[in-house]
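I opened a fresh notebook page for this one and kept the entries short. Here is what I looked up, in the order I got to it.

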Amino acid sequence: MTEDVPPPEDGPEDGPPRRGGAAGDAFESPDPPDWRREFAEEARSERPDLARLCLLIGAVADPTVTRHVLNEAEIELDRLAGLVPYATRIVGDWATALADLLGSREGFEGVPADYQRLESSLLHEVLRRRRGLPILLSVVWMEVARRAGAPVYGLGLPGHFVVGFGDPADLNLADPFAGGRAMTGPDAELLVTSATGEALDRSMLRPAEPGAIVLRVLNNIRAWAAPRPERSDVALWAVELSLLLPSHPARLRYERAELLVQRGDFLTGAAEMEAYAQVMDAVDPESATTIRRRAQAARARLN
């Protein structure tokens, strides 16, 4: 999400200095960027750029972000990729090299408190703080590894996101949240069982596409905002960005309508509920009737 982002909850943290400022913004266009339009265009391009999509999420979230800040974040990814030893290309031990560089030397890792911070889902902040959720730390790993020439992919296991290298069937995995700890097939099975209570299904081992990764990032942001009604602005822009993705759950349209009503836009929210009810008529008439009643209740709140 231009809405306000809450200030850091733990105070200043170590990490590279925040980028931006007057010097860096000297060549900014006088017209404010339309970050949402750029997000939609990138999401629907032939080969969506994962890093750019995640950075654009941060630009929507943080009104202080400028084009210069996004460019500096891309430069930081390039810089990190340049630090990957060239010999790694020959021996192919990408997981070890990335763990040494990003985990040990650069300090990228996660702690439980990161789940309570919105910044943990914003790529430019993760690059600055060296802290983030598993999926954002994995994005850093994937983007650095890709720039260095590694055969890397993301793996969205239930409850935890990790990265893999080489043939997905080999399960050569690493956990960026744990600083790059190597994971075996049994480790992945244990993680899934702990999160779901069920056995690992082979379908869970398919590499995640950029659109699916971005949707999961936005889902995490919605989950962060859900218990914070005062941050319904965050939930709303997260839903609206999700709706710009080529593939998204249809129910997000109803969630947006509910958020609009929650934020006092009763007429627009009611109209969108009714539009969603028309879609539901064909698949779940009972739910459609319930949604129409809620739309009527929303309109009544104007009286």
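**Entry 1: Tyr 254**

In which helix is Tyr 254 found? I looked it up, and Tyr 254 sits in helix α11. A reminder to myself before going on: this is a predicted model.

Next I asked whether Tyr 254 is buried or exposed. Its relative accessibility is 1%, so I put it down as buried, the cut-off being under 20%. Leaving aside residues up to four places away in sequence, I found Tyr 254 touching Met 273, Tyr 276, Ile 291 and Arg 294. I also checked one spacing: the C-alpha atoms of Tyr 254 and Val 239 are 10.0 Å apart, with the two positions 15 residues apart along the chain counted as their separation.

**Entry 2: Arg 256**

I stayed in helix α11, which covers residues 252–262 and also holds Arg 256. The relative accessibility of Arg 256 is 19%, and with the limit at under 20% it counts as buried. I listed its contacts, again without residues up to four places away in sequence: Leu 236, Val 239, Glu 240, Leu 243 and Glu 272.

**Entry 3: the cores**

Which members of the largest nonpolar core touch the most other members? I noted Ile 57, Leu 218, Ile 221 and Trp 237, out of 69 residues in that core. Apart from it I found another core of 13 residues, including Val 261, Ala 270, Tyr 276 and Ala 298. Tyr 276 was already on my page as a contact of Tyr 254. As background for myself, nonpolar side chains tend to be buried together in soluble globular proteins.

**Entry 4: the sheet**

In what order do the four strands of the open sheet come? I read β1-β2-β3-β4, with antiparallel pairing. The edges are β1 (152–157) and β4 (181–183); each has a single partner strand, so one side of each has no neighbour in the sheet. From one strand to the next, the twist averages 35 degrees.

I then looked at what packs on the sheet. Helix α8 (residues 185–196) does, and it touches β1, β2 (160–165), β3 and β4. The direction of α8 makes about 90 degrees with that of β4.

**Entry 5: pairings and hairpins**

I went through the strand pairs one at a time.

- β1 and β2 are antiparallel over six bridges. Gly 156 has Phe 161 in β2 as its bridge partner. Their hairpin has two residues between the strands, and Gly 159 there takes a positive phi near 80 degrees.
- β2 and β3 are antiparallel over three bridges. Val 163 is bridged to Ala 174 in β3. Six residues lie between these strands in the hairpin, where Gly 166 in the turn has a positive phi of about 80 degrees.
- β3 (residues 172–175) and β4 are antiparallel, joined by three bridges. Ala 174 turns up again here, with Ala 182 in β4 as its bridge partner. This hairpin has five residues between the strands, and Gly 179 in the turn has a positive phi of about 80 degrees.

**Entry 6: positive phi outside glycine**

Which loop holds Leu 171? I found Leu 171 in the loop between β2 and β3. Its phi is positive, about 50 degrees, although the residue is not a glycine. Leu 171 is also buried, with a relative accessible area of 13%.

I made a similar note for Arg 130, where phi is near 65 degrees, a positive value in a residue other than glycine. Arg 130 lies in the loop between α6 (123–129) and α7. With a relative accessible area of 5%, Arg 130 is buried.

**Entry 7: the largest pocket**

What is the volume of the largest pocket? I wrote down about 350 Å³. The lining has 15 residues, and those nearest the centre are Pro 48, Leu 50, Glu 143, Arg 146 and Pro 210. I also checked which elements contribute: α7 (134–148), β1 and α9 (210–225) each supply at least two lining residues. That puts edge strand β1 on my page twice, once in the sheet and once in this lining.

Key:
Residues are numbered from 1 along each chain as its sequence is written. This is a predicted model: local features need pLDDT of at least 70, side-chain atom pairs count only at pLDDT 80 or more; totals for chains, interfaces and linings use all residues. Side-chain values use heavy atoms; hydrogens and water are left out. A nonpolar core is a set of buried Ala, Val, Leu, Ile, Met, Phe, Trp, Tyr and Cys residues joined through side-chain atoms within 4.5 Å. Buried means under 20% relative accessible area, exposed over 50%, partly exposed in between (1.4 Å probe, protein chains only). Two strands pair if DSSP finds at least two bridges between them. Axes are lines fitted to C-alpha atoms, for helices over the stretch in contact, and angles run from 0 to 180 degrees between N-to-C directions. Contact means heavy atoms within 4.5 Å. On a 1 Å grid over the protein atoms alone, a cavity is a set of points where a 1.4 Å probe fits but cannot get out, and a pocket is an open set with protein on both sides within 12 Å along at least five of seven lines; lining residues have an atom within 4 Å of a point. Grid points are joined across faces, edges and corners, and a volume is the space filled by probe spheres set on the points.
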